[in-house]
Amino acid sequence: DRLERLVRGEYRRLYVFMPPGSAKSTYATVLFPAWYLAQESAGHVLAASHSVTVAERFSRKVRNLVGEHGHELGYSLASDSQAAGRWETSRRHEYYAAGVGTGIAGIRAKLGIIDDPIASREDADSERVRDTVWNWHEDDYSNRLMPGALELFIMTRWHEDDPAGRKLARDDGVPTHVLSLPAVA
């Protein structure tokens, strides 16, 4: 429901905060992009995680879903573009996977997905790591999103000063929704 509302434009930014192992990546990072790319309003997707390895693993899962269920989705994979980390659909929408810190110049996206930009509690407790992730988000990732792009931020909250915490603390006027299901409430 929250993901569909994002695409309908009820808000432009959605945060999904849930504990490890709660299927947030399965629904939001794997199933959602395959569905999103079938929508009339779809565009290029830029999906990032704490490492290229994890981002490409998600990308392969989405690509394989499209390959297997394209007839039901109403589109297919382009025959000339099916790499693990960058592929294109028959509707000419691209999916690009990136790890935090990866150079992404030349990429533009209508949907930006960040899934667990910080790998562990140890990394989250490091101000240096939090600053590195934040700087990449601000200097590289955010500049790749087209004006009016949708943003989906999925993560386990390890630290209140993580990138999601910093974005939430900054009121930039973008219509936002937060779905937070903590492990301990």
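In the hairpin of β4 and β5, 4 residues lie between the strands, and Arg92 takes a positive phi near 70° there. Strands, like helices, are DSSP runs numbered from the N terminus: a strand (E) has at least two residues and a helix (H or I) at least four. The model is predicted, with local features needing pLDDT of at least 70 and side-chain atom pairs counting only at pLDDT 80 or more, whereas totals for chains, interfaces and linings use all residues. Residues are numbered from 1 along each chain as its sequence is written, and side-chain values use heavy atoms, with hydrogens and water left out.

## The sheet

The two strands of this hairpin belong to an open sheet of 8 strands, arranged in the order β3-β4-β5-β2-β6-β7-β1-β8 with mixed pairing. Two strands pair if DSSP finds at least two bridges between them. At the edges stand β3 (77–82) and β8 (176–180), each of which pairs on one side only. On average, neighbouring strands of the sheet are turned by 15° against each other, direction ignored.

The table lists several strand pairs of the sheet.

| Strands | Sense | Bridges | One pair of partners |
|---|---|---|---|
| β3 and β4 | antiparallel | 2 bridges | Leu77 and Thr89 |
| β4 and β5 | antiparallel | 3 bridges | Arg86 and Tyr96 |
| β2 and β6 | parallel | 5 bridges | Leu46 and Gly112 |
| β6 and β7 | parallel | 6 bridges | Asp115 and Ile154 |
| β1 and β7 | parallel | 5 bridges | Tyr15 and Phe153 |

A hairpin also joins β3 to β4, through 3 residues. Strand β7 is largely enclosed by the rest of the structure, because 8 of its 11 residues are buried. Buried means under 20% relative accessible area, exposed means over 50%, and partly exposed lies in between (1.4 Å probe, protein chains only).

## Helices on the sheet

Helix α3 packs on the sheet and touches β2, β3, β4 (86–89), β5 and β6. The direction of α3 makes about 160° with that of β5. Helix α5 (residues 127–144) lies across β2, β5, β6 and β7, and runs at about 125° to β7. Such angles run from 0 to 180 degrees between N-to-C directions, the axes being lines fitted to C-alpha atoms, for helices over the stretch in contact.

## The nonpolar cores

In soluble globular proteins, nonpolar side chains tend to be buried together. A nonpolar core is a set of buried Ala, Val, Leu, Ile, Met, Phe, Trp, Tyr and Cys residues joined through side-chain atoms within 4.5 Å. The largest such core has 32 residues, of which Phe32, Tyr36, Tyr95 and Leu152 touch the most other members. Among the elements that each supply at least two residues of this core are α1 (2–8), α2 (24–36), α3 (52–73) and β7 (145–155).

Which residues does Phe32 touch, not counting those up to four places away in sequence? They are Leu3, Leu6, Val7, Tyr27, Leu111 and Leu152, where contact means heavy atoms within 4.5 Å. Apart from the largest core lies another of 22 residues, including Phe17, Ile114, Trp136 and Ala149.

## Aromatic rings

The structure holds 6 aromatic pairs. Rings of Phe, Tyr and Trp (its six-membered ring) pair if their centres lie within 6.5 Å; planes under 30 degrees apart count as stacked, over 60 as edge-to-face and the rest as tilted. Trp87 and Tyr95 form a stacked pair, at 5.0 Å centre to centre and 5° between the planes. Both Trp87 and Tyr95 are buried.

The pair of Trp136 and Tyr141 is tilted, because the planes stand at 35°, with the ring centres 5.6 Å apart. Trp136 is buried, with a relative accessible area of 5%, and Tyr141 counts as buried at 1% relative accessibility.

Tyr15, Phe17 and Phe153 form one aromatic cluster. The charged end of Arg157 sits over the ring of Phe17, 4.9 Å from its centre. This description applies if NZ of Lys or CZ of Arg is within 6 Å of the ring centre and within 35 degrees of the ring normal. The charged end of Arg57 likewise sits over the ring of Phe58, 5.7 Å from its centre.

## The loop after β7

Asp162 is found in the loop between β7 and α6 (163–169). Is Asp162 buried or exposed? Asp162 counts as buried, at 1% relative accessibility. Leaving aside neighbours within four places in sequence, Asp162 is in contact with Ile118, Arg130, Met155 and Arg157. Asp162 and Asp131 are 31 residues apart in sequence and 8.6 Å apart in space, C-alpha to C-alpha.
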